[in-house]
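Here's a quick tour of how this chain is laid out and what sits around its ligand. Have a look at the model first.

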Amino acid sequence: AQHFFYQNDTLTVDGVPLDKLAMQYGTPLYVYSKAALTEHFRQYADVCKQFETDDIHSLVCYSVKSNSNLAILNILGREGAGFDIVSGGELLRVIAAGCDSRKVIFSGVGKTASEIRLALEHDILCFNVESFAELRRINRIAAEMGKKARVSFRVNPNVDPKTHPYISTGLKENKFGIPYEEALAGYEEAARMPHIEVTGIDCHIGSQLLDDAPLLEALDKLIDLFDQLAQKGIELKHIDIGGGIGITYDNEIPVAISDYLTRIFGKITTWKNAKYPGQSISMMFEPGRSISGNAGLLLTQVQYLKTNSDKNFAIVDAAMNDLMRPSLYESWHTVLPVVKRQTETKTYDIVGPICESGDWLARQRTLSIETDDLLAIMSAGAYGMAMSSNYNTRGRAAEILIDDKKAYLIRKRERPEELYALETIIS
Ligand code: LLP
């Protein structure tokens, strides 16, 4: 369904007009649709349910880093989501959101000793181990705590996800994961460690993938390793293919989630039934962007219009600290006027007030706008607020969630005093 649409020339989120929200809560403002969020999650969950059998199970672990607001985690938790985290902080968020830490998987190349301890205290489902040094550290800490840590190896399948180099992670030269060729020996070492329980295998090859062919190729490689391990007597219980399915920002057409999952489960079912009848296997996924990305927008107000030589600028009150994807990756976000005008259009660069030339949100957009107009920066639900900063002592934007035509403030706007509250002057 459409969640961001015009009613009488005014842009709404599920029928709630954005100009009203701007008036009540101010700008810049992140606005999310609960209906969109759950709809995207169910695109995963429904296919998983369809392929569920006595011995094929699954868990969709929402990637917390894409949007970690407690309200959002709570909604997804109630939908049955597990969570993919990359820090102790994200684990505490999942718990604070009232979700189950035993459905958490912990990825990331740099887990500290205290993060590992915290995760073991909360009995997380699995560590996605990214190096042998990390494996040994987990074993040592689990020993100190008298526990056994469940682990999966994040292997690097060396497939090209054909996406932006900054968000492609499954190639040999990336810092992520354990080289495919070393995984077998590593698993044998892990299997001998007294405080490690080897439970799975995982990968994550990149983000904003439009085609699922690289993911299916990666799955083949995981299955191949699974078989080699089985021959050595190491029986894995789960396969985690990571996240990475892309969304439409402009006119990209990403693979439909249901088609992707149907192909994944098709492969898994055939393979498992042929080789491991009766053995229980769980499929796991770590989607972030495809759940949260097109569930939110960033609402901003035009402060000034100006022309430098031949270039028109719309200076808005949101900036790279609110949404850094354009500055960082030159990402495209569609910009829509909140209230449509019939007046003459011009081509603008939409820029923020921060003192950096890189502070732009969109370039060369043809719009009909006036000072004080509201603009919606679309597809900003993932890696928007989550990557925001306080640069230029700008408080982070407030966040609103629309549920059943009602607006809920799910994060207050940060006040300047809060930004320097942790600082101390020395005498
Ligand atoms: N699992 C792992 C281990 C990951 O590193 C990531 C994302 C995900 C899952 C979720 O991937 P997704 O389904 O969202 O593609 N800041 C960048 C994206 C960085 C992605 C980092 N890893 C952006 O704004 O495009």
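## Two domains

Measuring between C-alpha centres, domain 1 and domain 2 sit 33 Å apart. Domain 1 covers 4-33 + 293-419 and domain 2 covers 34-291, with bounds that come from an automatic or database domain assignment.

Before going on, a word on the basics: this is a predicted model, where local features need pLDDT of at least 70, side-chain atom pairs count only at pLDDT 80 or more, and totals for chains, interfaces and linings use all residues. Residues are numbered from 1 along each chain as its sequence is written.

## Where the domains touch

The contact takes 23 residues from domain 1 and 21 from domain 2; two residues count as in contact if their C-beta atoms, placed from the backbone, lie within 7 Å.

On the domain 1 side, β4 (29-33), β20 (398-403) and β21 (406-411) each chip in at least two residues. Strands here are DSSP runs of E, at least two residues long, and helices are runs of H or I, at least four, both numbered from the N terminus. β20 gives the largest share of that side, 4 residues.

## Around the ligand

Which residues are closest to the ligand? They're S207, G243, G288, R289 and Y383, out of 20 that surround it, each with its C-beta atom, placed from the backbone, within 6 Å.

Both domains join in: domain 1 and domain 2 each give at least three residues to this shell. As for helices, α10 (289-292) and α11 (325-329) each supply at least two.
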